[in-house]
Structures are given as C-alpha cells and as structure tokens.
Amino acid sequence: MHVTVSEPDLAEIVEGATSMMLGLDLGEIAPRDAVSDVTPSRCAIGASVQFTGEWSGALVIGCDESIGNEAAAAMFGCEVDRVAADELADALGELANMIAGNVKPLLPATTALSLPTVVQGSHLLLGIPGATPAVGVTYQRGASVFSVEIYERASKAAVIA
Amino acid sequence: MKILIVDDSRAMRMIVKRHVAQAGFEGCEIVEAENGREALEAIRAAAPDVVLSDWNMPEMTGIELLEALRAEGVTVPLGFVTSESSPDFKDRAFDAGAAFMITKPFGADDFTRCLAPFV
C-alpha cells in the first residue's frame with residue numbers, strides 16, 4: 001500500500017488548518033526543486049506526528065521562526081514578538097496534529113496517530129529514519145518557508161531492521 | 001453554564017475558549033484540564049455542564065476519559081474536539097456515549113450548533 005494523498009489534497013488540508021482557523025498567510029506554494037536547498041537553511045522549528053498501524057509513516061512540518069511565531073501568536077491571541085519558546089513548540093505541535101488528523105482518513109489502513117514531537121534549533125534538516133518522502137508542499141512568503149511532508153515507511157520489517 | 005475544556009495543548013485550549021465565546025457563550029465559566037486524568041478530577045470537583053475533550057492526550061485519552069465517566073455512572077455530556085475524523089473513531093466515540101464531535105479545523109458555528117442543546 002502506498003500513499004494516495006495528492007499534493008492538492010495536502011495543500012487543501014494545510015491551508016484549511018492555517019488560513020481558515022488561524023488566519024495565517026503562508027504565501028505561495030513553491031516548486032519542489034526550487035526549495036529543496038533553501039528549506040533546511042531556514043528551518044528553525046520542526047514538528048512530527050507518526051502514523052502507526054497497517055500502514056506507517058509520519059507527517060513532518062518545518063518552518064522558520066517568523067512563520068512559527070505568527071502561528072503561535074494566532075493560537076495564543078498575543079503579539080508575534082511576545083511568543084515564548086514553549087508556546088512556539090506547543091503551537092507547531094498542535095498544527096502538526098491537526099494536519100495529520102485530517103490527512104489520516106486519506107491514508108490506507110492507518111490506525112493511530114502519535115502525540116506530536118517538536119524540535120527547535122537552526123538549519124534543521126528534518127527526516128524520518130527508515131522512511132522516504134512521499135508527498136509534500138512547501139510555501140514561501142518572502143524569506144519565510146513552511147513545509148509539510150508525508151513520509152512513508154517501506155514496511156514494518158524495514159523499520160525493525 | 002460551566003464548560004470543561006480538556007486538551008494537552010494550551011494553544012488549543014485557548015483557541016477553543018475563543019471559539020466558545022465567539023459562538024455566543026461568552027458568559028460561560030471555563031474550567032481547563034490537560035488530560036483525561038486531570039479531567040476526571042476536575043469533573044468531580046467542578047461538576048461542569050458540558051465537557052469538550054481532545055482525543056489524543058498523554059496520561060489518559062479522551063475516549064478513555066469518556067469510558068471511565070460512563071463506568072462511574074457520570075452522565076455529563078462530553079463532546080470531542082479533535083483532529084481524529086475517521087469514521088471508525090466517530091463510531092467508537094458515539095458508541096461510548098459522546099454527545100457530538102467537532103473536527104479540527106473548526107469554526108465558531110460548530111460550537112454554536114453543538115453546545116446549543118445544553119444551554
């Protein structure tokens with residue numbers, strides 16, 4: 001079984017969570033080859049949610065601090081420059097959870113979502129060991145980036161090995 | 001009306017609180033809990049009229065909370081506010097006695113529709 005989520009499906013879900021609920025403007029979807037080198041250099045926060053069950057994989061969000069702070073400010077109802085580090089982590093984790101929950105019905109035979117995990121740093125290169133990127137969207141707004149990627153694990157045996 | 005909001009994310013508790021107010025329930029008393037176990041204690045202590053609970057939480061999930069409440073004979077209406085939207089989760093929620101399910105992302109209208117019967 002392979003991922004059947006298309007890029008437009010994923011974009012609709014991402015924009016539903018960010019635009020409709022948070023009023024957050026992510027910018028335009030960038031061509032995949034145009035952002036592959038840029039995203040890690042700008043990525044300062046990442047959040048992931050694992051899908052477990054008959055099909056397994058993960059959803060990974062990565063973004064720069066500016067968009068992350070905007071998302072957190074929209075959630076907490078505060079000014080962007082007043083967002084604390086734990087609020088930024090909470091917001092991005094919740095965003096990953098929300099997007100993963102809406103992706104889940106489109107995935108084959110998935111049974112459960114994990115709680116989100118969040119990392120903060122600089123020049124983050126995000127990935128899931130034992131899994132490969134299946135579909136993703138990256139938004140660019142000026143110097144800001146916001147990427148969402150679905151990773152697919154080849155099989156349970158591959159993960160165990 | 002007293003509403004208990006249960007979610008491990010403080011960000012999401014704040015969003016739910018804002019949407020409840022925007023839905024026309026700004027006069028409600030809001031109580032919060034971070035997971036199902038805290039919610040059980042809050043329900044015993046605060047006797048809310050309605051519980052709005054996330055599904056996936058550490059310590060005790062939302063469905064475990066609902067099952068624990070019903071096992072104790074507590075009939076407080078509990079609705080899920082969750083990103084879990086699969087049909088099997090909905091079936092499990094309603095079989096366990098959930099009053100409603102609001103799927104994230106949501107709008108204030110969802111809270112107006114779901115909370116109105118309990119005002």
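Where in chain B is the place of Asp54(B)? The legends below begin with this residue, in a model that is predicted.

**Figure 1. Asp54(B) and its surroundings in chain B.**
Asp54(B) sits in the loop that runs between strand 3 (50-53) and helix 3 (62-71) of chain B. With a relative accessibility of 2%, Asp54(B) counts as buried, because buried means under 20%. Its contacts, leaving aside neighbours within four places in sequence, include Val6(B), Asp7(B) and Asp8(B). Gly62(B), Phe80(B), Val81(B), Thr82(B) and Lys104(B) are also in contact with Asp54(B).

**Figure 2. The interface of chain B and chain A.**
On each side the contact involves a set of residues: 22 of chain B and 22 of chain A. About 1,800 Å² of area is buried between the two chains, and carbon and sulfur atoms give 55% of this. Of the area that chain B buries against chain A, 28% is supplied by Arg10(B), Ser83(B) and Pro105(B), more than by any other three residues.

**Figure 3. Salt bridges and polar contacts between chain B and chain A.**
The interface holds 3 salt bridges. In one salt bridge, the side chain of Lys104(B) meets that of Glu94(A), with 2.9 Å from N to O. There are also 10 residue pairs in polar contact across the interface, with both residues at pLDDT 80 or more. Helix 1 (residues 10-25) of chain B gives the most to the side of chain B that touches chain A, with 6 residues. Sorted by class, that side of chain B has 9 nonpolar, 7 polar and 6 charged residues.

**Figure 4. Helix 4 of chain A and its two ends.**
Helix 4 (residues 65-76) of chain A has 12 residues and should span 16 Å at 1.5 Å a residue. The C-alpha atoms at its ends are 16 Å apart, which agrees. At the N-terminal end, Asp64(A) caps the helix: one of its side-chain oxygens lies 3.0 Å from the backbone nitrogen of Ser66(A). Just after the helix, Gly77(A) takes a positive phi of about 65 degrees.

**Figure 5. The buried residues of helix 4 of chain A and what covers them.**
The buried residues of this helix are Ile67(A), Gly68(A), Asn69(A), Ala71(A), Ala72(A), Ala73(A), Met75(A) and Phe76(A). Their cover includes helix 1 (7-22) and helix 5 (85-103) of chain A. Strand 3 (57-63), strand 6 (131-141) and strand 7 (144-153) of chain A are also among the covering elements. Chain B takes part too, with its helix 1.

Conventions
Residues numbered from 1 in each chain as written. Chains lettered and ligands numbered in written order. Predicted model: local features only at pLDDT ≥ 70, side-chain atom pairs only at ≥ 80, totals over all residues. Heavy atoms only, no water. Helix = DSSP H or I, 4+ residues; strand = E, 2+ residues; numbered from the N terminus. Buried < 20%, exposed > 50% of the residue type's maximum accessible area, 1.4 Å probe, protein only. Contact = heavy atoms within 4.5 Å. Buried area = accessible area lost by both parts, 1.4 Å probe. Salt bridge = Lys/Arg side-chain N within 4 Å of Asp/Glu carboxyl O. Polar contact = N/O pair within 3.5 Å; in protein donor to acceptor, adjacent residues only side chain to side chain. Nonpolar A, V, L, I, M, F, W, Y, C, P; charged D, E, K, R; others polar. Expected span 1.5 Å × (residues − 1).
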